[in-house]
Amino acid sequence: MTDTILIFDTTLRDGEQSPGCSMNLEEKLQVAAQLETMGVDIIEAGFAIASPGDFEAVSEVARQCKTATVASLARAATPDIERAWAAVCHAVRPRIHTFIATSPLHMRVKLNKTPEEVLAAIQQSVSLAANLCPDVEWSAEDATRTDPDFLVRAVEIAIRCGARTINLPDTVGYATPETYGAMFRDVINRVPNADLAIFSTHCHNDLGLAVANTLSAVVNGARQVESTINGIGERAGNAAIEEIAMAIKVRHDVLPVRTNIVSTEITRASRLISGITGFQVQPNKAIVGANAFAHESGIHQDGMIKDAQTYEIMTPESVGLTHSNLVMGKHSGRAAFRQKLEELGYNLGDNAFQDAFGRFKLLADAKKAVYDEDIVALVDDEVLRGHDAIKVKEVEIYCGSNGPQRAILTLEVDGEDKTVTSRGNGPVDALFNAIRMIVPHDSSVMERYEVHAVTGGTDAQAEVSVLLAENGRTTRGRGAHHDTMVASARAYVNALNKMMVKRGRSAVDAVAS
Ligand code: KIV
Ligand code: ZN
């Protein structure tokens, strides 16, 4: 058995289909490019039949990828499989990933099929897929609640009909490491043609066991793992790629396998996904959380200075951070700030650097410790705004229990200041009403407004994300500031700027006279 574990990324399918994680075409292509750079072997680009947008995204990812296999999901139905093939057929390495549920509950309640009918559907769907595409994966949805004898029969048929990857998902996150590993051992031992296929894991995190279950399956013979960046996905999410890849890398002594993941690209991938989806990574998240390499306690800092291995089992560099997270503060000067930016992968021109440094100083005055996450949020915010035709100049809010809440807002629109005063049902509403007064945009609605604290503490920076929808197209805007209201204004105005670029209109056209 090979010692290479193939990494199958489903960020663009299982991740993207979870609530609030949708991405547009441009964002999906950016993610696919980063996944390839990171060494992902198979990219599941979407569910081609789900919508014309999904089809286009899968097709474009298929055209763009040079090294990775590109897969589309398909149910066990002819139209699904044909649509999946139409989307991936341009890929250098296309794959059709077809699935059907095999647990008694799913077969009865969801599919309304007898077990024999499900076996017939496997035969028919996998044969059709194998006729179209040289690389077919078959998944037994809800495998972990499937009768083991039935699972063995189903897998044997799928392989006989041409599937060369067999995925046994823990669809509902029900398994434990022991039971999940045992299922793989059992199926691989009992299916007579098992040697013709690669066995794959696909774990959901409902009990927080997705990564542990994945690794247990690897120990028991799985050679492909399905996972997502930052563990995004249905409900509690999927197994996180970064955790699996680093567990395999760091614990090679007990997991004598390898992956093709370029681990130094992990941080970049993580930031890309959280930036695009607005789903922030919790600070204490393994590998990619803001605190994963931060050492605050005196004893730990002392140990780290003497020898980093005292408190670090892997280096920050190995996941793409160039240094441990030495916390910056108000005494940090230009040189330290520049060095920090370089470590974080930013190379700002002089003007952008001065602006960012000015904002860093304001932030450091407002907040005890400035973490890497703060600096990333701050610089991204600055960079985002570089070409904005509309900019937030000043925000004043009157709020509290004795309303009405009011906002006085000044926006700079193509170089000219415009100030209005407005009221609203709460400070955010008042602020957003003010924006609508200066930049009327009745044809669009705000679908989502989210506030996230970049780090812990009441002095944390706020990162705000808004989603505007217009004529079926959504536009996401982001803003960060230590004042939540300023961050909110920046996010909304950022979305408006992007929406106007999509419309091809100038800012001035859109502004109320
Ligand atoms: O969780 C699951 O079972 C799935 C399959 C469609 C592979 O996502
Ligand atoms: Zn899934």
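This report describes a zinc site, two hairpins, a covered helix and the internal spaces of one protein model.

## Confidence of the model

The structure is a predicted model. Its mean pLDDT is 90, and 95% of the residues reach 70 or more. One stretch is an exception to be read with care: over residues 505-510 the pLDDT stays under 50. For these residues the model has twelve contacts beyond four places in sequence.

## The zinc site

Three protein residues act as donors to the zinc ion (ligand 2): D14 through OD, and H202 and H204 through NE2. These donors lie 2.0 to 2.1 Å from the ion. Along the chain their spacing follows the pattern D-x187-H-x1-H. D14 belongs to helix α1 (residues 11-15) and H202 to strand β7 (residues 198-203), so this pair ties together parts that are 188 residues apart in sequence.

Are D14 and H202 buried or exposed? A residue counts as buried when its relative accessible area is under 20%. D14 has a relative accessibility of 3% and is therefore buried. H202, at 5% relative accessibility, is buried because its value also falls under that cut-off.

## Two antiparallel hairpins

Two pairs of strands can be described in the same terms, and the table sets them out.

| Strands | Bridges | Bridge partners | Turn residue and phi |
|---|---|---|---|
| β11 (residues 405-413) and β12 (residues 416-424) | nine | R406 and R423 | D414, near 45° |
| β14 (residues 462-470) and β15 (residues 473-481) | nine | V466 and G477 | N471, about 50° |

Strands β11 and β12 run antiparallel, and their hairpin has two residues between the strands. There, D414 takes a positive phi. Strands β14 and β15 also pair in the antiparallel sense, and two residues lie between them in the hairpin. The phi of N471, in that turn, is positive. In a regular strand, the side chains alternate between the two faces of the sheet.

## A covered helix

Helix α10 (residues 241-250) is mostly covered, with seven of its ten residues buried. Which residues of α10 are buried? They are I241, E242, I244, A245, M246, A247 and I248. The elements that cover them include two helices, α9 (210-219) and α11 (266-277). Strands β1 (4-9), β8 (224-227) and β9 (258-259) are also among the covering elements.

## Cavities and a pocket

The model holds two cavities of 30 Å³ or more. The largest cavity has a volume of about 40 Å³. Its lining consists of G278, Q280, E450, H452, E463, V464, S465 and R478. Both β13 (444-453) and β14 supply at least two residues of this lining. The largest share, three residues, comes from β14, the strand that pairs with β15 in the hairpin described above.

The second largest pocket contains about 430 Å³ of space. It is lined by 24 residues, of which N205, N230, G231, I232 and A236 are the closest to its centre. Which helix gives the most to the lining of this pocket? Helix α9 does, with three residues; α9 is also among the elements that cover the buried residues of α10.

Note on methods: Residues numbered from 1 in each chain as written. Chains lettered and ligands numbered in written order. Predicted model: local features only at pLDDT ≥ 70, side-chain atom pairs only at ≥ 80, totals over all residues. Heavy atoms only, no water. pLDDT = per-residue confidence, 0-100. Contact = heavy atoms within 4.5 Å. Donors = N, O, S within 2.8 Å, 3.2 Å for Na, K, Ca; no water. Helix = DSSP H or I, 4+ residues; strand = E, 2+ residues; numbered from the N terminus. Buried < 20%, exposed > 50% of the residue type's maximum accessible area, 1.4 Å probe, protein only. Pairing = 2+ DSSP bridges. 1 Å grid on protein atoms, 1.4 Å probe; cavity = no way out; pocket = protein on both sides within 12 Å on 5 of 7 lines; lining within 4 Å. Points joined across faces, edges and corners; volume = space filled by probe spheres on them.
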